[in-house]
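Reader: Before we go through the architecture together, could you put the sequence and the structure in front of us?

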Amino acid sequence: MTDKTAADAHVEPRAEPQRAPRPSPGLIARMSRARPTKPGEIYGVPGHGNTLWLSAFSIGLFFFVWWGVTAIGWVKPLFIPPPMAIVTKFISIWNTGFTGTPFLEHLSISTFRVFSAFILACVIGLPLGLAMGMSPLMRGLFDPPIEFYRPIPPLAYLPLMIIWFGIGETSKILLIFLSVFAPIVLGARAGVKSAAIEQIHAAYSFGASRWQVMRYVIMPSAMPEILTAMRVGIGFGWTTLVAAEMVAATKGLGYMVLSASQFLQTPVVIMGIFVIAIIAFAFDLLMRFVERRVVPWKGRM
Amino acid sequence: MGLTIENVSVVFPAANGRPPVSALSEINLQIDDREFVVALGASGCGKSTLLNLIAGFLAPTSGELTLNGRRVEGPGADRAVVFQKHALLPWLNVIDNVAFGLQIQGISRAKRYETANKFVGLLGLDGFQKSPVYMLSGGMQQRVGIARALTCDPDVLLMDEPLGALDALTREKAQELILNIWDNTHKSIFFITHSVEEALFMGTKLVVMSPRPGRITHVFDLPFSRQFLDGQSAREVKAAPEFIRLREDVLKIIFADEEAAA
């Protein structure tokens with residue numbers, strides 16, 4: 001019994017501070033404190049959570065404010081036409097075309113330019129990037145020119161393209177090609193480094209040749225990086241489209257936007273921007289889908 | 001015949017202003033057929049270097065390795081490696097991972113699935129043939145790695161801390177599994193571990209290594225794996241007084257090395 005009381009006497013003073021009332025935290029402390037999200041996920045990775053509804057809200061708010069400022073008349077339609085004017089413009093261009101060319105032809109010629117440049121960049125860029133990743137010779141030869149031109153804005157070398165390749169399709173597709181090419185080469189090159197040394201050693205220990213190691217280990221493990229590079233690359237392609245259609249084009253979405261701007265047809269400009277954005281976004285969704293199907297293991301091993 | 005390592009030294013040349021490193025010095029080791037050799041030692045003692053030499057990923061600076069009378073000149077299918085982790089191919093399912101070595105050797109799909117299925121069954125992975133490997137637990141992934149190493153019927157199995165990434169319970173089960181497979185397949189095994197208990201329990205020969213320069217300081221013959229395979233339980237074997245005595249002796253050696261290094 002004496003032992004027990006002694007133990008109690010020890011416990012008592014230690015329990016004391018817990019009973020003291022805690023100072024209530026200030027507003028900033030409460031907001032910056034880690035907050036439980038789901039049971040079992042308390043103090044989880046920052047940035048966790050679904051953003052679908054917030055994104056929908058953000059888009060809705062954007063259109064509401066746009067509609068609001070035009071309906072009240074704060075901004076002249078020349079600067080910001082009301083959303084409905086864009087829709088009406090879209091319908092009229094869909095029905096009657098723009099500068100004598102049907103809308104779908106503008107759309108298809110631009111899509112053709114971007115995608116043929118993209119495919120060309122993949123066909124040349126992916127093997128070149130893989131070769132640069134695997135061979136110091138190839139890296140030494142091709143790294144300087146690619147790193148040299150990569151940061152230059154396409155508009156800066158557009159005149160050269162026209163002087164060298166004329167004002168036809170070649171210079172347009174080449175300009176887009178160049179902007180897609182660099183990210184694809186660099187992505188494929190970085191992808192080569194994705195394979196773990198253990199995976200490579202495992203293949204060699206079964207008697208694999210250098211070629212088999214590339215075919216069965218290096219290339220599949222580079223796939224996630226390659227797909228990301230393709231996504232980034234086509235994004236650059238759409239970015240360059242308008243620049244490519246600046247000179248001597250009579251068709252295309254970029255041409256449509258530029259020539260409309262010269263006649264202050266703001267609704268057509270905005271409509272063209274939306275059409276480009278929607279196509280680019282749709283293709284990005286497709287690439288994400290492909291990514292989930294082709295490399296479901298990405299980041300999981 | 002087996003594997004013979006004679007007077008092998010490895011010196012990594014000076015780089016970035018650091019002096020040359022003597023990773024292994026005058027190693028002599030014989031791994032006979034059906035022998036289970038375990039290498040143990042403080043980190044930096046060169047046990048992984050030794051494994052890489054046997055695998056053929058690394059060439060000795062001096063000395064010679066011979067396997068069944070043939071000189072080791074590079075990696076080859078007569079020696080298979082089981083790695084600690086990161087060695088499976090996540091884009092392949094279980095059966096294709098197990099059959100990977102056979103695929104490299106150009107064996108037809110039907111034939112390699114037949115062989116692979118045998119080892120999938122032996123490792124208790126039946127029913128998981130089509131599962132993606134990244135969905136499996138660490139223990140199951142390791143069993144896939146072992147099955148893959150066995151498919152090409154190697155003479156020597158090289159295991160580089162194969163159980164190091166597993167939790168304690170899974171690890172003990174995996175030890176028993178490996179011993180049973182060793183007993184059934186009659187392979188020789190070279191096994192690296194950090195765990196003294198694991199080393200004593202599994203090996204027929206224990207090689208204790210010491211760092212700077214990496215060298216073999218002690219060799220023990222071990223009876224414990226035989227006791228387990230003859231029917232004693234693993235816990236019984238590991239709790240026996242002679243097991244504990246040897247465990248303490250080996251620990252003393254390793255701690256002495258660690259202190260000498262510090």
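Reader: In the hairpin of β9(B) and β10(B), which residue in the turn has a positive phi, and of about how many degrees?

Author: This is a predicted model, in which local features need pLDDT of at least 70, side-chain atom pairs count only at pLDDT 80 or more, and totals for chains, interfaces and linings use all residues. Residues are numbered from 1 along each chain as its sequence is written, while chains are lettered from A and ligands numbered from 1 in the order in which they are written. Helices (H or I, at least four residues) and strands (E, at least two) are DSSP runs, numbered from the N terminus, and two strands pair if DSSP finds at least two bridges between them. Four residues separate β9(B) from β10(B) in the hairpin, and the one in the turn with a positive phi, of about 50 degrees, is B:Arg212.

Reader: Over how many bridges do β9(B) and β10(B) pair, and which residue of β10(B) stands opposite B:Leu206?

Author: Strand β10 of chain B covers residues 215-221, and its pairing with β9(B) is antiparallel over six bridges. Within this ladder B:Lys205 faces B:Asp221 of β10(B), and the residue opposite B:Leu206 is B:Phe220.

Reader: Which residue of β9(B) is the bridge partner of B:Val38?

Author: Strand β9 of chain B, residues 205-210, is mostly covered, five of its six residues being buried, where buried means 20 or more other C-beta atoms within 10 Å of the residue's own, exposed 12 or fewer, and partly exposed in between, with C-beta atoms placed from the backbone. Strand β3 of chain B (residues 36-41) runs parallel to β9(B) and is joined to it by five bridges. In that pairing, the partner of B:Val38 is B:Leu206.

Reader: In the open sheet of four strands in chain B, which strands stand at the edges, and why is one side of each left without a neighbour?

Author: The order in this open sheet is β2-β1-β4-β5 of chain B, and the pairing is antiparallel. Strand β4 of chain B (residues 62-67) is joined to β5(B) by two bridges, with B:Leu67 opposite B:Arg70. One side of each edge strand lacks a neighbour in the sheet because each has a single partner strand, and these edge strands of chain B are β2 (21-31) and β5 (70-71).

Reader: Which residues touch the most other members of the largest nonpolar core, and where does this core lie with respect to the two domains of chain B?

Author: A nonpolar core is a set of buried Ala, Val, Leu, Ile, Met, Phe, Trp, Tyr and Cys residues joined through C-beta atoms within 7 Å. The largest one has 132 residues, and those touching the most other members are A:Val180, A:Ile184, B:Val38, B:Ile54 and B:Leu158. The leading contribution, 15 residues, comes from α10(A). Since domain 1 (32-78 + 155-262) and domain 2 (87-153) of chain B both give residues to this core, its place is between them.

Reader: How many residues of domain 1 of chain B are in contact with domain 2 of chain B, and which helix gives the largest share of that side?

Author: The domain bounds come from an automatic or database domain assignment, and the C-alpha centres of the two domains of chain B are 24 Å apart. Taking contact to mean C-beta atoms, placed from the backbone, within 7 Å, ten residues of domain 1 of chain B meet nine of domain 2 of chain B. The largest share of the domain 1 side, four residues, is given by helix α6 (residues 168-185) of chain B.

Reader: How many residues of chain A are in contact with chain B, and which helix gives the most to that side?

Author: The contacts between the chains involve 18 residues of chain A and 21 residues of chain B. On the chain A side, α9 (197-205) and α10 (210-244) each supply at least two residues, and the helix that gives the most, with seven residues, is α9(A).

Reader: Is B:Gly231 buried or exposed?

Author: B:Gly231 is placed in the loop between α8 (224-229) and α9 (234-239) of chain B. From B:Phe57 it is 174 residues away in sequence and 38 Å away in space, C-alpha to C-alpha. Because 7 other C-beta atoms lie within 10 Å, B:Gly231 is exposed.

Key:
Two residues are in contact if their C-beta atoms, placed from the backbone, lie within 7 Å.
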